[in-house]
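Please open the model in your viewer and keep the sequence panel beside it. The tour below moves from one selection to the next and says what is to be found at each stop.

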Amino acid sequence: MLAAENRMRRSAEFAQAFRGVRGGSARLLVAIGADPSGFDRSGADSISSVTDLPPKVGFVIPRSVGNSVVRHRLCRQLRHLMRTRVQILRPGELVSVRVFPPAKGASSQDLAADLDRCIASVRHKESLREGRREPLDESMEGSIGGKGRNEVLPVSAPTDTGNSSESGER
């Protein structure tokens with residue numbers, strides 16, 4: 001079970017998470033955002049820094065995924081999986097996990113692999129945004145898309161045949 005201090009419940013927290021960096025797969029979308037205001041999310045009047053706040057995780061499971069039984073089963077599975085992954089999250093981070101209909105028949109191992117892949121994708125995108133051109137970790141590379149998938153392809157110069165009528169212009 002995910003600790004109460006690590007659960008997102010307010011719509012403003014979900015909105016802030018979705019304003020952050022996202023990484024997705026066919027079954028899941030993980031959005032990770034930080035609380036930039038630094039206010040205490042517990043509702044107290046005191047101001048605290050974001051680093052004093054624990055990471056929070058929330059789940060969005062729409063009705064299109066399945067009936068109540070299916071949605072609650074997925075929520076329990078994902079809560080259990082995130083319980084072990086909350087230690088790798090930074091203090092003050094807000095993590096929202098959105099579930100798509102293909103997750104309905106997925107096993108816990110499939111969901112865990114998707115969750116790890118999505119989190120690795122978010123971290124990679126964050127490093128690109130911050131200007132750090134870090135190569136992907138070798139252990140994560142296979143889970144993100146396999147070798148060679150994220151390589152830069154050479155760009156060839158466009159060839160001009162000199163005949164513009166072949167391009168379909170009239």
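At what angle do helix α2 and helix α3 pack, and how far apart are their axes? Select residues 68-85 for α2 and residues 108-129 for α3 in this predicted model: the two helices pack at an angle of about 50°, and their axes are 10 Å apart. Because of that angle, α2 counts as oblique to α3, and the crossing in which α2 passes α3 is right-handed.

Now show the side chains where these two helices meet. On the α2 side, the contact is made by Leu74, Gln77, Leu78, Leu81, Met82 and Arg85, while α3 contributes Ser108, Leu111, Ala112, Leu115, Asp116 and Ile119. If you colour this contact of α2 with α3 by residue class, you will find eight nonpolar, two polar and two charged residues.

**The whole chain**

Next, clear the selection and colour by secondary structure. The protein has four helices and four strands, and, read from the N terminus, the elements follow the order α-β-β-β-α-β-α-α. Of the 170 residues in the protein, 39% are buried. If one takes the contacts between residues at least 6 apart in sequence, 72% of them join residues that are at least 24 apart.

**Helix α1**

Select residues 11-18, which form helix α1. Which residues of α1 are buried? They are Glu13, Phe14, Gln16 and Ala17, and because they cover an arc of only 160° around the axis, they lie on the same side of α1. As background to this view, an α-helix has 3.6 residues a turn, so residues three or four places apart point the same way. Add β2 (28-34), β3 (56-60) and β4 (93-99) to the selection, since the buried residues of α1 pack against these strands. Then turn the view to the face of α1 that points away from its buried side, where the exposed residues Ser11 and Ala12 are carried.

**Met1**

Move to Met1, which is found in the segment before α1. Is Met1 buried or exposed? With a relative accessible area of 58%, Met1 is exposed. Leaving out residues up to four places away in sequence, Met1 touches Arg7, Arg79 and Arg83. Select Met82 as well, a residue that also takes part in the contact between α2 and α3: although Met1 and Met82 are 81 residues apart along the chain, their C-alpha atoms are separated by 9.0 Å.

**Arg22**

Continue to strand β1 (residues 21-24), in which Arg22 is found. Arg22 counts as partly exposed because its relative accessibility is 41%. Which residues does Arg22 contact when its neighbours within four places in sequence are left aside? They are Leu29, Val30, Ala31, Val122 and Lys125. Draw a C-alpha to C-alpha distance from Arg22 to Glu126, and the viewer should give 9.3 Å for two residues that are 104 residues apart in sequence.

**His72**

For the last stop, return to helix α2 and select His72, which lies in that helix. His72 is partly exposed, with a relative accessible area of 46%. From His72, go to Ile61, which is 11 residues apart from it in sequence and 8.7 Å apart in space, C-alpha to C-alpha.

Technical notes. Residues are numbered from 1 along each chain as its sequence is written. This is a predicted model: local features need pLDDT of at least 70, side-chain atom pairs count only at pLDDT 80 or more; totals for chains, interfaces and linings use all residues. Side-chain values use heavy atoms; hydrogens and water are left out. Axes are lines fitted to C-alpha atoms, for helices over the stretch in contact, and angles run from 0 to 180 degrees between N-to-C directions. Angles under 35 degrees count as roughly parallel, over 145 as roughly antiparallel, 65 to 115 as roughly perpendicular and the rest as oblique. A crossing is left-handed if the near helix is turned anticlockwise from the far one by less than a right angle, and right-handed if clockwise. Contact means heavy atoms within 4.5 Å. Ala, Val, Leu, Ile, Met, Phe, Trp, Tyr, Cys and Pro count as nonpolar, Asp, Glu, Lys and Arg as charged, and the others, Gly among them, as polar. Buried means under 20% relative accessible area, exposed over 50%, partly exposed in between (1.4 Å probe, protein chains only). The arc is that of the directions from the helix axis to the C-beta atoms.
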